[in-house]
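Hi there,

Here is the structure I promised to pass on. Have a look at it first, and then read on for what turned up in it.

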Amino acid sequence: MNGQSLSVRDAILQRRSIKNFNGQPVERETLLAVLEDAKWAPNHGNREPWRMVVACDKELKELHTVLRDFGVAKWKDLSEDELTKQMKKFTSAGAYAFVVVKEDVRQKERLEDYAATSSYIQNAQLLAWDLGIGACWKTPPFIDAPKFREALGINPGERIISMLQFGYYDEMPKAKPRKDVEDFITFFGSN
């Protein structure tokens, strides 16, 4: 890990969702350190409702097979070159964390748990960014497929809310414009 850290403000303003990774693997201990520190996300009642299914190092090849089966339509009909091209969106990331949350039957707690787990994901992205590792929070439609859930060991009563890709990158995307704060706030009593 590097000795220099970004300020919280700089990390928030500079972080980008990285979609074009360069294929360099993310070391297991680095990923685990990020996921360990991310646990300090605020969470209601200290429930820590998240868990991760992680793939890095030796697990990536097996995960790529699962992602191919569920994420590339009609992959068996593709040429090897076309399949390689389609798989790049999966194979260029250096690590994965599928973020899973329990689906509490109580609506208030379920929403609190989703919010807390989303905070966990943001923490992980910012911590990775501070180390020069990009991340992208993805929610492809196949994450809810029963066979995909089974392949990842997702239990009944749990939901995958993120396919979080981590990896190194060569080019930083440009910032996309954001709304001005005046466009999304209303001061109390002014409506």
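A charge is said to sit over a ring if NZ of Lys or CZ of Arg is within 6 Å of the ring centre and within 35 degrees of the ring normal. Please keep in mind that this is a predicted model. In it, the charged end of Arg68 meets that description: it sits over the ring of Trp75, 3.5 Å from the ring's centre.

Arg68 also turns up where two helices pack. Helix 3 brings His64, Leu67, Arg68 and Gly71 to the contact, and helix 4 meets them with Leu83, Met87, Lys89, Phe90 and Thr91. Helix 4 covers residues 80-91, and the two helices pack at an angle of about 115°, with their axes 10 Å apart. Their crossing is right-handed.

Now to the aromatic rings. Rings count as a pair if their centres lie within 6.5 Å, and by this rule there are seven aromatic pairs. One of them is Phe70 with Phe148, an edge-to-face pair with 5.4 Å from centre to centre and 75° between the planes. Phe70 lies in helix 3 (residues 59-71) and Phe148 in helix 6 (residues 146-152), so this pair ties together parts that are 78 residues apart in sequence. Are these two rings buried or exposed? Phe70 counts as partly exposed, at 29% relative accessibility, whereas Phe148 is buried, with a relative accessible area of 0%.

Trp129 and Tyr169 form another aromatic pair, this one stacked, at 5.5 Å centre to centre with 5° between the planes. Here too, distant parts of the chain are linked: Trp129 belongs to helix 5 (residues 107-130), while Tyr169 is in the segment after strand 4 (158-167), 40 residues apart. Trp129 counts as buried, at 6% relative accessibility.

There is also one aromatic cluster, formed by Phe70, Phe90, Tyr96, Phe98, Phe142 and Phe148. Phe70 and Phe148 are thus met again here, and Phe90 is among the helix 4 residues in the contact with helix 3.

Last, the cysteines. How many disulfides does a search of the whole structure find? The result is zero. For Cys56, the nearest cysteine sulfur is that of Cys136, 18 Å away. A disulfide needs the two sulfur atoms within 2.5 Å, so the sulfur of Cys136, at 18 Å from the one in Cys56, is too far for a bond. Cys56 counts as buried at 2% relative accessibility, and Cys136 is buried with a relative accessible area of 2%.

Best wishes

Technical notes: Residues numbered from 1 in each chain as written. Predicted model: local features only at pLDDT ≥ 70, side-chain atom pairs only at ≥ 80, totals over all residues. Heavy atoms only, no water. Phe/Tyr/Trp six-rings, centres within 6.5 Å; stacked < 30°, edge-to-face > 60°. Buried < 20%, exposed > 50% of the residue type's maximum accessible area, 1.4 Å probe, protein only. Axes fitted to C-alpha atoms, helices over the stretch in contact; angles between N-to-C directions. Left-handed = near helix turned anticlockwise from the far one by under 90°. Contact = heavy atoms within 4.5 Å.
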